[in-house]
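Please look through the sequence and the model below before reading on. The paragraphs that follow start with a group of charges and then move to other parts of the chain.

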Amino acid sequence: MKALGLLLAVFLIAIQAQLWVGRGSLPYVAHLREEVAAARADNDRARVHNDQLQAELRDLREGLEMVEEKARFELGMIKADEVFVPQSPRTVLPGASASDAAPR
């Protein structure tokens with residue numbers, strides 16, 4: 001009976017030692033929580049930076065499309081690999097009204 005009590009006491013001491021200084025100890029868990037909080041903060045900063053880059057990229061894409069559209073329609077510019085086909089105004093043939101020449 002004494003041996004059983006001694007054995008249980010040794011197990012209790014081993015469990016307490018593991019709790020206070022081992023891998024599952026309270027200080028170790030607190031350290032892991034600090035690391036998780038730091039990683040979350042880094043992720044939040046990276047997410048904000050990525051959102052800023054996405055917004056900047058979207059602005060650049062839309063800005064270039066707007067510049068290209070203005071260059072095409074207001075200045076008549078074309079790209080190097082394009083062929084320009086001018087639109088001629090519809091001519092009104094004798095005997096036809098002006099409304100017949102309007103595009104449909």
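A patch of negative charge lies on the surface of this predicted model. Its members are Glu56, Asp59, Glu62, Glu65 and Glu69. Take Glu65 as one of these residues. Glu65 sits in helix α2, and its relative accessible area is 54%. A residue counts as exposed over 50%, so Glu65 is exposed.

The chain as a whole gives the setting for this patch. The chain has 3 helices and 0 strands, and along the sequence these follow the pattern α-α-α. Helix α1 covers residues 2-21, helix α2 covers residues 26-75, and α3 covers 98-101. How much of the chain is buried? Of its 104 residues, 4% count as buried; the cut-off for that class is under 20% relative accessible area. The accessible surface of the chain comes to about 9900 Å², and carbon and sulfur atoms account for 63% of that surface.

Not every surface patch here is charged. Met1, Leu4, Leu7, Leu8 and Phe11 make a nonpolar surface patch of about 590 Å². Leu4 belongs to helix α1. Is Leu4 partly exposed or buried? Its relative accessibility is 48%, and the class between buried and exposed runs from 20% to 50%, so Leu4 counts as partly exposed.

The next topic is pairs of opposite charge. The count of salt bridges comes to 6. One of the pairs is Arg72 with Glu68, whose side chains meet at 3.3 Å from N to O. Why are these two residues separated by about one helical turn? The reason is that Arg72 and Glu68 are 4 residues apart in helix α2. Arg72 has a relative accessibility of 29% and therefore counts as partly exposed. Glu68, at 32%, also counts as partly exposed.

Glu68 has another partner. Lys79 forms a salt bridge with Glu68, and here the closest N and O atoms are 3.4 Å apart. Lys79 lies in the loop between α2 and α3, while Glu68 lies in helix α2, so this pair ties together parts that are 11 residues apart in sequence. Lys79 is partly exposed, because its relative accessible area is 42%. Which residues make up the network of salt bridges that includes Glu68? The linked residues are Glu68, Arg72, Lys79 and Glu82.

A further salt bridge joins Lys70 and Glu74, with 3.7 Å between the closest N and O atoms. Lys70 and Glu74 are 4 residues apart in helix α2, which means that about one helical turn separates them. How exposed are the two partners? Lys70 has a relative accessible area of 45% and is partly exposed, whereas Glu74 has 58% and is exposed.

To go back over helix α2: the helix holds Glu65 of the negative patch, the pair Arg72 and Glu68, and the pair Lys70 and Glu74. Lys79, in the loop between α2 and α3, is tied to this helix through Glu68. In helix α1, Leu4 is one of the residues of the nonpolar patch.

Note on methods:
Residues numbered from 1 in each chain as written. Predicted model: local features only at pLDDT ≥ 70, side-chain atom pairs only at ≥ 80, totals over all residues. Heavy atoms only, no water. Patch = residues over 30% accessible without salt bridge, like charges linked within 9 Å, V, L, I, M, F, W, Y side chains within 5 Å. Areas by Shrake-Rupley, 256 points an atom, 1.4 Å probe, with all protein chains shown as cover. Salt bridge = Lys/Arg side-chain N within 4 Å of Asp/Glu carboxyl O. Buried < 20%, exposed > 50% of the residue type's maximum accessible area, 1.4 Å probe, protein only. Lys, Arg positive; Asp, Glu negative; His and termini not counted. Charge placed at Lys NZ, Arg CZ, Asp CG, Glu CD.
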